[in-house]
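Dear colleague,

Here is the structure for your files. My notes on the ligand site and on one glutamate follow below.

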Amino acid sequence: MTRPAVTTAAPALDASFLDALRAAVGAAHVSIDDEQRRQYGMDALKKGRPADVVVHPGSPEEVSAVLAACSAHRVPVVPRGGGTGYTGGAVPTAGGVVLALDRLDRILEIDELNLLAVVECHVITGDLQRAVEAVGLFYPPDPASLATSTIGGNVAECAGGPRAFKYGVTKRYILGLEAVLASGEIIHTGGKSVKNVVGYDLTQLLTGSEGTLAVITKVIVRLIPLPPTQVTLRASFVDIGAAVAAVTNLIRARVIPSALELIDADSLEAVARQLETRALAPPGTGAILLLEVDGLEQAAREEARRVDQSCREAGATEVLVAHDQATRDELWRVRRALSTSLKVLAPLKINHDVVVPRGRVPELFALIARIRRDYRLLIPCFGHVGDGNIHVNMLLDPADEDMIARSHAAEQVLFEGVVALEGSISGEHGIGFSKLPFLHLELTPIEIDLLRRIKAAFDPLNILNPGKVFPPQTDGGAP
Ligand SMILES: Cc1cc2nc3c(=O)[nH]c(=O)nc-3n(C[C@H](O)[C@H](O)[C@H](O)COP(=O)(O)OP(=O)(O)OC[C@H]3O[C@@H](n4cnc5c(N)ncnc54)[C@H](O)[C@@H]3O)c2cc1C
């Protein structure tokens, strides 16, 4: 299978182009310093190449001027938020500019009457949540990276998170956008009203577009009232099958927890070692569910009771109910540490975020068990089991060529399998460049061609994040 080439050679940047960038944002905000170029040449995928130049615009107008210069000089430009993406979306694969949006970090407005907030793209997700919660409002999307990922990056990836089971993913909370086209023109999509059916829905088209259609500079997010009570529970099971059976019981009992996360035994082992605690579950635990219910106090307590019962009926060996904030925080600390903790088990992790219809999760786990056995790989799994969105982490030794080859073969089987289960190869991380070789497993040539034509309408010169979502074009022309 051919993998997208990520070269390391830096193309020479023309002096007149660098002058245009300095004129656009001020010389202090244009960097060709090696350290910055390296830093901005990598995201959480940990593969890429250094940026040629890093530019930090301070306003939408400056973003516009940078893009106009990139268009005039035909230089690729890669928008970058927190750099927490797992598919290489924010790293340059074809040289050029990394557009670091870190100066656009203000919460401009929290409108309590209209239940919305207007924010610049680089507001950190967790900061927005805290700011709106201080006035009794709620922004539910909560990727586990919320301490470092940005709202712009969340929109560009349509991020999900534990609460998506009840509240849905980022796209449900985006009312409108300010965005800059590759040409430098500034557009506004949607707006502050909750309904708008004028023309095609460009807000939703840009949501999940991975920085390939436009640079998002401002976001109008929809807020809802903050549920006054949350109860968090941890249920332990002897194996994955029992944990998944508890999820089925819950759905049959018509309970929709605000979060429903599954963690398997290998992931538990990693996080216990990372956090230096063994007190995560009783001995012999093969899987745990981390659940949260929320709402008015009485309703939340009743739902917690039903969750407890559904888990016990499925064979839970222990159900811990966290009534106080400190225990709740500790349970979520464990969940959020999972992704990074896997490094204690192996130096390299390939993190896939496959998704299947909820009812087919048992078949997904059967597929993963087969892959583990056939390809002799350690594959800890955890994730948003309520959505059918499981993080399948292939743990590797980069020096072991045979293992790497087996993992590539295993990826192919995994992706073919999830598509056959009516699922998708990515529930939340997007395609970036790392999943390019698998796009055709899910989309037909007609569908890919339609996406390419949409890309060409937004970005005819193909300067905006080239080599992402679609395989790079060898002629360097239109996508
Ligand atoms: C520990 C960890 C846990 C994670 N947990 C989750 C999770 O629970 N759910 C989930 O969905 N993801 C998760 N992720 C993945 C990642 O955090 C999300 O994809 C997040 O939305 C990326 O945001 P970012 O600001 O870091 O964007 P970046 O990584 O900087 O960029 C991601 C993509 O968006 C584009 N982009 C960024 N900003 C803009 C902008 N303003 N305009 C246009 N394009 C832009 C970039 O070009 C790139 O293609 C996790 C990652 C880590 C490291």
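Helices (H or I, at least four residues) and strands (E, at least two) are DSSP runs, numbered from the N terminus. By that numbering, α5 gives the most to the shell around the ligand, namely five residues. This is a predicted model, in which local features need pLDDT of at least 70 and side-chain atom pairs count only at pLDDT 80 or more, while totals for chains, interfaces and linings use all residues. Residues are numbered from 1 along each chain as its sequence is written, and side-chain values use heavy atoms, with hydrogens and water left out.

The ligand. A residue is near the ligand if one of its heavy atoms lies within 4 Å of it. There are 35 residues around the ligand, and P79, G81, T84, S145 and T150 come nearest. An N or O atom in the side chain of S145 is 2.6 Å from a ligand oxygen; for the side chain of T150 the distance is 2.7 Å, and for that of N465 it is 3.3 Å. Taken alone, the ligand exposes 970 Å² (Shrake-Rupley method, 1.4 Å probe), and the protein buries 96% of that. Two or more residues of the shell come from each of β3 (77-80), α5 (151-157) and β10 (215-222).

The glutamate. E330 sits in helix α11 (residues 325-341). Its side chain makes a polar contact (a donor and an acceptor, each N or O, within 3.5 Å) with the side chain of R333, at 2.9 Å. E330 has a relative accessible area of 34%, so it counts as partly exposed (between buried, under 20%, and exposed, over 50%; 1.4 Å probe, protein chains only).

Regards
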